[in-house]
Amino acid sequence: MRLLASLSAATLLALPLASHALDGITDRPGDFLATFAGSSASTDLDVLGASVFYNAGTDVFTLTATMSGAVGSTATGLYVWGVNRGAGAAGFAANGITGVRFDRVILLRPDGTGTVAGAGALPGGSVMLSGNTITATVSGSLLPSTGFANKLDYTWNLWPRDSAFAGFTAIADFAPDNANFTATPVPEPSTAVLSLLGLGGLVAWRRRRQSNS
């Protein structure tokens with residue numbers, strides 16, 4: 001049992017350390033930008049939470065966001081994800097937003113379609129809506145690095161827009177407000193199994209020690 005415990009501990013230590021945000025970000029409700037030309041009744045453009053997950057085995061990003069209201073309530077609403085792949089610039093610096101850096105944008109629409117700027121439309125079925133949540137899967141091949149060696153080092157920001165308005169006044173919210181966040185790594189099945197085996201071994205060893213004592 002001691003050998004099992006040692007192997008279990010070694011297995012856990014061998015797992016990659018989490019150096020990135022694991023739960024995405026949360027955003028204050030009702031924090032519409034003062035410059036937003038739309039209505040505060042457009043609760044589907046008010047971000048409550050956002051996360052990005054990356055599966056290195058399949059090279060797929062999953063983007064998910066939860067809004068204050070049902071997605072699509074604003075007929076002219078859009079959801080723009082900005083990603084910094086290594087050469088991101090502060091595209092909104094002139095508006096006082098210096099922490100949001102990006103070098104490519106992903107546009108999601110409440111009709112279930114999406115586009116990666118410079119790379120074309122997302123395949124059908126890539127964008128999914130469920131009540132207040134909008135989710136999209138994006139192949140990493142559409143987001144080649146511009147400097148970062150690891151795609152987990154890419155950083156993200158979400159800004160919903162009301163396309164009835166032009167320019168910066170169309171943006172309802174930034175999530176985070178003036179920064180980017182990183183993705184959560186999705187463990188490969190073999191890694192997940194090793195982790196479960198390791199935890200199971202430690203639990204069994206502790207129970208045996210307790211019963212012996």
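These are my notebook entries on a predicted model of one protein.

**Entry 1: the overall picture**

I started with the secondary structure and found two helices and 12 strands. Reading along the sequence, I get the pattern α-β-β-β-β-β-β-β-β-β-β-β-β-α. The protein has 213 residues, and 39% of them count as buried. I also looked up the exposed surface, which comes to about 10500 Å², with carbon and sulfur atoms supplying 59% of it. For contacts between residues at least 6 apart in sequence, 63% join residues at least 24 apart.

**Entry 2: the six-stranded sheet**

Next I asked in what order the strands of the open sheet run. The order is 7-6-5-4-10-11, and the pairing is antiparallel. Strand 7 (120–121) and strand 11 (181–182) stand at the edges; each has a single partner strand, so one side of each is left without a neighbour in the sheet.

I then stepped through the neighbours of strand 5. Strand 4 (residues 77–84) pairs with strand 5 in the antiparallel sense over five bridges, and there Val-80 stands opposite Leu-107. On the strand 6 side, strand 5 (residues 104–108) and strand 6 (residues 114–116) are antiparallel too, over three bridges. Here Leu-107 faces Thr-115, while Ile-106 has Val-116 as its bridge partner. The hairpin of strand 5 and strand 6 has five residues between the strands, and Gly-112 takes a positive phi near 90° in it.

The two faces of strand 5 were worth a note. Arg-104, Ile-106 and Leu-108 make up the covered face, and Val-105 and Leu-107 the uncovered one.

**Entry 3: strands 3, 8 and 9**

I moved on to strand 9 and looked up its partners. Strand 3 (residues 60–67) pairs with strand 9 (residues 133–139) in the antiparallel sense over seven bridges; one of the matches is Thr-66 with Thr-133. Strand 8 (residues 127–130) also pairs with strand 9 in the antiparallel sense, over four bridges, and Val-127 has Ala-136 as its bridge partner. Strand 8 and strand 9 form a hairpin with two residues between them, and Gly-131 in the turn has a positive phi of about 60°.

**Entry 4: the nonpolar cores**

Which residues have the most contacts inside the largest nonpolar core? I found Trp-81, Ile-106, Leu-108, Leu-143 and Trp-156, in a core of 34 residues. The elements giving two or more residues to this core are strand 2 (47–55), strand 3, strand 4, strand 5, strand 9 and strand 10 (155–162). A second, separate core has nine residues, including Val-80, Phe-92, Ile-97 and Phe-174.

I picked Ile-106 for a closer look. Leaving out residues up to four places away in sequence, Ile-106 touches Leu-63, Tyr-79, Val-80, Trp-81, Thr-115, Val-116, Val-138, Leu-143 and Trp-156.

**Entry 5: aromatic rings**

The model holds 14 aromatic pairs. One of them, Phe-32 with Phe-36, is stacked, at 5.8 Å centre to centre and 10° between the planes. Phe-36 is buried, with a relative accessible area of 10%. I also noted one aromatic cluster made of Tyr-54, Phe-61, Trp-81, Phe-148, Tyr-154, Trp-156 and Phe-181.

**Entry 6: salt bridges**

How many salt bridges does the structure hold? I found three, and I checked the residues of each for burial.

- Arg-28 and Asp-177 meet at 3.8 Å, N to O. Arg-28 lies in the loop between strand 1 (25–26) and strand 2 and Asp-177 in the loop between strand 10 and strand 11, so the pair ties together parts that are 149 residues apart in sequence. Arg-28 is exposed, with a relative accessible area of 55%, and Asp-177 is partly exposed at 36%.
- Asp-59 and Lys-151 meet at 3.0 Å, N to O. The pair links the loop between strand 2 and strand 3 with the loop between strand 9 and strand 10, 92 residues apart. Asp-59 is partly exposed at 22%, whereas Lys-151 counts as buried at 18%.
- Arg-85 and Asp-103 meet at 2.8 Å, N to O. Arg-85 and Asp-103 are both in the loop between strand 4 and strand 5, 18 residues apart. Arg-85 is buried, with a relative accessible area of 5%, and Asp-103 counts as partly exposed at 22%.

Notes:
Residues are numbered from 1 along each chain as its sequence is written. This is a predicted model: local features need pLDDT of at least 70, side-chain atom pairs count only at pLDDT 80 or more; totals for chains, interfaces and linings use all residues. Side-chain values use heavy atoms; hydrogens and water are left out. Rings of Phe, Tyr and Trp (its six-membered ring) pair if their centres lie within 6.5 Å; planes under 30 degrees apart count as stacked, over 60 as edge-to-face and the rest as tilted. Buried means under 20% relative accessible area, exposed over 50%, partly exposed in between (1.4 Å probe, protein chains only). Two strands pair if DSSP finds at least two bridges between them. Contact means heavy atoms within 4.5 Å. Accessible areas come from the Shrake-Rupley method with a 1.4 Å probe; for residues, only the protein chains shown count as cover. A nonpolar core is a set of buried Ala, Val, Leu, Ile, Met, Phe, Trp, Tyr and Cys residues joined through side-chain atoms within 4.5 Å. A salt bridge is a side-chain nitrogen of Lys or Arg within 4 Å of a carboxyl oxygen of Asp or Glu.
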